[in-house]
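Hello,

Here is the structure we talked about, followed by notes on what was found in it. Please keep it open while you read.

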Amino acid sequence: MTTLIEARDLRKRFGSTQAVDGVSLTVNAGEAYGLVGPDGAGKTTTMRLLIGALSCDSGSVIIGGHDLGKHAESARAMVGYLAQRFSLYVDLTVIENLRFFGEVRGVAGAPLDARAAELLHFVGLAGFETRLAGNLSGGMKQKLGLATALIHRPQVLLLDEPTAGVDPVTRQDFWQLIIRLLGSEGIAAIVSTPYMDEAARCNRLGFMYRGRILTHGSPRELTANMSGHVLELIAHPKDRARELCLADPDVEDALAFGDRLHLRVRQIEGVVSRLPSALSGGGVMVDRLRPIPATLEDAFISLLASSGKTQ
Ligand SMILES: Nc1ncnc2c1ncn2[C@@H]1O[C@H](COP(=O)(O)OP(=O)(O)OP(=O)(O)O)[C@@H](O)[C@H]1O
Ligand SMILES: [Mg+2]
């Protein structure tokens, strides 16, 4: 398997903030690595270090065999980057934006026109060439952003929260595009996302908090390694149910997921035998209480709690 991204022990400090604190990761061709973490975890800073937009205080980055510290140009040429606060030129059309980003990346003339047409077709924007970028919907802007990041045929793609604020249907479309790029072009991608359903699509994930990757693994490994068990509770009223659950000595936390609560419990039997009467005694109607497999969100919260880091 070809390793396309290799970061070793990256560190970056801004004043008193250790934004990245010893991050190591590798991503192979055809893989998507998800960076998941709360605001300020260090995801964007990590990406900026990986593309060389910021220099690291220590550590090394190797992109497709090129050491970013020694051969920055050849390493950067392999990377396509969609920044979190990426902006298109709103007063240029779709095709003008693509041409502009192509020229910045050293693609010009007929090869640029051919690549632009291919990408517009790929992202579903063929036919919108002459629309001003400022008049595109949010999802279309992100797709055009992805096309601009791909204009020079990078083997490595860094996408920083590419679907934040995009509607769910477009998020699905966007992920289909990423999956096709991994499969057909053997691209290695790092994608940061606040959405756990998107994280679950990645081959591997790193849970990031305060500059560190607390753990990484496949979505399946991360949920299987979670400490404790999860019970799903549907009960009304939900807030009162949550209060009563948290009073049980074996319930570590109770997270709301839509109309349900996920109870992270130390052991199942005791809780299942005690809770129904405690809830009904407290005026709560119980529709369902059953053990369920942990989700990534459960695993992440559990990891933060077991590191003593819940805020
Ligand atoms: N240029 C900078 N100068 C000073 N502090 C910075 C700078 N860039 C980032 N930071 C700080 O470094 C930490 C990590 O920020 P970063 O933007 O990497 O987090 P993030 O995980 O991308 O968060 P978000 O989900 O909000 O995008 C934060 O505490 C942030 O305030
Ligand atoms: Mg960020």
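**Notes on the predicted model**

Where two helices meet, α4 passes α5 in a right-handed crossing. This is a predicted model, and that holds for everything below. Helix α4 covers residues 109-123 and helix α5 residues 138-150; their axes come within 10 Å and cross at roughly 145°. On the α4 side the residues in contact are Leu 119, Leu 120 and Val 123, and on the α5 side they are Lys 143, Leu 146, Ala 147 and Leu 150. Sorted by class, this contact has 6 nonpolar residues, no polar residues and 1 charged residue. Both the angle and the distance are quoted because two packed helices are described by the angle between their axes and the distance between the axes.

**Domains**

The domain assignment splits the protein into domain 1, residues 3-222, and domain 2, residues 227-293. The C-alpha centres of domain 1 and domain 2 are 39 Å apart.

**The sheet of six strands**

An open sheet is formed by 6 strands in the order β6-β7-β8-β3-β9-β10, and its pairing is mixed. At its edges are β6 (79-82) and β10 (212-217), each of which pairs on one side only. On average, neighbouring strands in this sheet are turned by 15° against each other, with direction ignored.

One pair to look at is β6 with strand β7 (residues 156-160): these run parallel and are joined over 4 bridges. Here Tyr 81 is opposite Leu 158 in β7. Helix α6 (residues 168-185) packs on the sheet and touches β3 (32-36), β7 and β8 (188-192). The direction of α6 makes about 155° with that of β8. Helix α11 also lies across β3, β9 (204-209) and β10, and runs at about 40° to β9.

In the loop between β7 and α6 you will find Glu 161. Its phi is near 45°, which is a positive value in a residue other than glycine.

**The sheet of four strands**

A second open sheet has 4 strands, ordered β12-β13-β11-β14, with antiparallel pairing. Which strands stand at its edges? They are β12 (251-257) and β14 (285-292); each has a single partner strand, so one side of each is left without a neighbour in the sheet. From one strand to the next, the twist averages 25°.

Strand β11 (residues 229-236) pairs with β14 in the antiparallel sense over 7 bridges. Within that pairing, Ile 234 has Arg 288 in β14 as its bridge partner. Helix α9 (residues 238-246) packs on this sheet and touches β11, β12 and β13 (260-265), with its direction at about 165° to that of β12. Helix α11 (residues 296-306) packs on the sheet as well, touching β11, β12 and β13; its direction makes about 140° with that of β12.

The loop between β11 and α9 holds Pro 237. The peptide bond from His 236 to Pro 237 is cis, and its omega is near -10°.

**Strands β1, β2 and β4**

Strand β1 (residues 3-14) pairs with β2 in the antiparallel sense over 9 bridges. Phe 14 has Thr 17 in β2 as its bridge partner. The hairpin of β1 and β2 has 2 residues between the strands, and Gly 15 in this hairpin takes a positive phi near 55°. Strand β1 also pairs with strand β4 (residues 58-63), again in the antiparallel sense, over 5 bridges. There, Ala 7 has Val 61 in β4 as its bridge partner.

**The surroundings of ligand 1**

Which residues are around ligand 1? They are Phe 14, Thr 17, Ala 19, Gly 37, Asp 39, Gly 40, Ala 41, Gly 42, Lys 43, Thr 44, Thr 45 and Gln 84. Two elements, β2 (17-28) and α1 (43-51), give two or more residues each to this shell. The element that gives the most is α1, with 3 residues. By class, the shell has 3 nonpolar, 7 polar and 2 charged residues. Phe 14 and Thr 17, listed in this shell, are also the bridge partners in the pairing of β1 with β2.

Regards

Conventions: Residues numbered from 1 in each chain as written. Chains lettered and ligands numbered in written order. Predicted model: local features only at pLDDT ≥ 70, side-chain atom pairs only at ≥ 80, totals over all residues. Near = placed C-beta within 6 Å. Nonpolar A, V, L, I, M, F, W, Y, C, P; charged D, E, K, R; others polar. Axes fitted to C-alpha atoms, helices over the stretch in contact; angles between N-to-C directions. Left-handed = near helix turned anticlockwise from the far one by under 90°. Contact = placed C-beta atoms within 7 Å. Pairing = 2+ DSSP bridges. Domains from an automatic or database assignment.
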